[in-house]
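I sat down with this model to look up its aromatic rings and one of its pockets. Here are my notes, in the order I made them.

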Amino acid sequence: MINSTDHLIFSFSLLLILAFTQHHAAISDQANAPFVGVNIGTDVSNLLPAPDLVNFLKHQKITHIRLYDANPDILRALSGTDIHVTISVPNNQLLAIGSSNATAYSWIRKNVAAFRPATRISAVSVGDEVLTTLPSAAPLLLPALLSLHAALVESNLHKDVVVSTPHSASIILNPFPPSQAFFNQTLESFVLPLLHFLSQTNSPLMLNLYPYYVFMQNKNLVPLDNTLFKTLPASKQMVDPNTLLHYTNLLDAMIDAAYFSMKNLNVSDIVVLVTETGWPSKGDSKEPYATLSNAVTFNSNLIKHVLDRSGTPLHPEITSSVYIYELFNEDLRSPPLSEAYWGLFYGNATPAYLLRVSGVGAFLASDNANQTYCVAGDGVDLKVLQAALDWACGPGRANCSEIQPGESCFQPNNVKNHASYAFDSYYQSQGKSPGSCDFKGVAMITTTDPSRGSCIFPGSRSLSNKTKQVVNITHSSNAGDNLRLRAFRSIEISAIYNILHNYLVAVFPLLLLFVL
């Protein structure tokens, strides 16, 4: 017979077991939750030193990054952080690794084992779009994957680090409607063994998917709003006639095209990982849709879409993680002009534009994200700068009274100083809207207050008249599951504590009666 004391102990134990189970389930769910990461290219003239870069990543709450190599300085600087990193085997190293097991083992020892577990290397991407851009190396791709995976097994890292290879979207033909998509049959002899490897090693199918390029090549067929994740009425959504699935955005259709293509090869247990996607903020005359406004809209809605965990029409239960291309504008890239303007930030960490991501958690929403100013860029053409200053103070109706002789911002008396004040005045008067800090490319957004002494810039003056808004924590009812998961552990612990406290308050007096 169980007495009251035994019953109390038994109930208390059940509560502890329940708390333990829920706690670990929450951790597991968080580990498997979809994420938004960023690609970090290095064709940047003023790239931050590795320690400063990592501090910037932490400040922006970026938790996943992808490198195009295995930069040891960055990997060392990431040590002790919670940032997950995907490192890459460049195409020019594929021959050596694909033809020599010893080279593959050496590569893993040098670039993975030497840094783990302090640095959270979670994946190795092998080559980049090899099947379509370097077809002569296609026979080496699978041997390279096998050798690198074997080296990870040898180092007992295969459960923590996956190996895959990024493909261009062009390996999939007839992508819309998605149900009719299939892999390029000329590549099938390479694709099918690769898929079997990914299935056996529980690795993702890495795809570089750019709705921007699809739209540019099919402007008469693909609506811009659909490409930018804008809300569409049912009548304007793309409908797959075979499945009757409605597609509200082009990226989901591209992802489902990959799933249907795999299904055609009897493969159904591989998840798609989008290793590159994004939108350029500036382009030449042949790229009219590469604009700040479109870049802001696409990337803001992309982040919300992923963190909402809504999946795709074919697989609503699976949300693909994505890496935005890219973190920094790579100003050293070759033409066309848009190649240098895919970044969310300039190389010196000032924002290229501001994303509208409040309400979906902390990602890219640091405390100072709304404290921005528009100033003249460095090394710009002074004639263009003077013309931009004249426009801002004239037709632009910026308040330029403070840069008149004798006023607080007149000194130093030069074009750059006066233009910075006028640009910021215009930028703030336009509500910091996309495109209001460009001035033919001679202006830039910065989070550093340009005010000095008695010269207070308009952005700083307007900020002082408001209560500072912290945007990296939100209580919106529309916040994504990613935010809820961040708070789950503390809420859960608090709830468990309250339950146990109330239970003991109710039962403990009875226990004392039995003891006494």
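Before checking burial, I fixed the terms: buried means under 20% relative accessible area, exposed over 50%, and partly exposed in between (1.4 Å probe, protein chains only). The model is predicted, so I noted that local features need pLDDT of at least 70, side-chain atom pairs count only at pLDDT 80 or more, and totals for chains, interfaces and linings use all residues. Residues are numbered from 1 along each chain as its sequence is written, and side-chain values use heavy atoms, with hydrogens and water left out.

**Entry one: aromatic rings**

I searched the whole structure and got 20 aromatic pairs. Rings of Phe, Tyr and Trp (its six-membered ring) pair if their centres lie within 6.5 Å; planes under 30 degrees apart count as stacked, over 60 as edge-to-face and the rest as tilted.

I looked at Tyr212 and Tyr213, an edge-to-face pair with 5.3 Å centre to centre and 65° between the planes. Tyr212 is buried, at 1% relative accessible area, whereas Tyr213 is partly exposed, at 32%.

Next came Phe229 and Phe298, a tilted pair at 5.4 Å and 55°. Where do Phe229 and Phe298 sit in the chain? I found Phe229 in the loop between α10 (224–227) and β10 (238–239) and Phe298 in helix α12 (residues 292–307), 69 residues apart. Helices (H or I, at least four residues) and strands (E, at least two) are DSSP runs, numbered from the N terminus. Both phenylalanines, Phe229 and Phe298, are buried.

I also saw that ring pairs link these four residues with Tyr210, Trp279, Tyr325 and Trp342 into a cluster.
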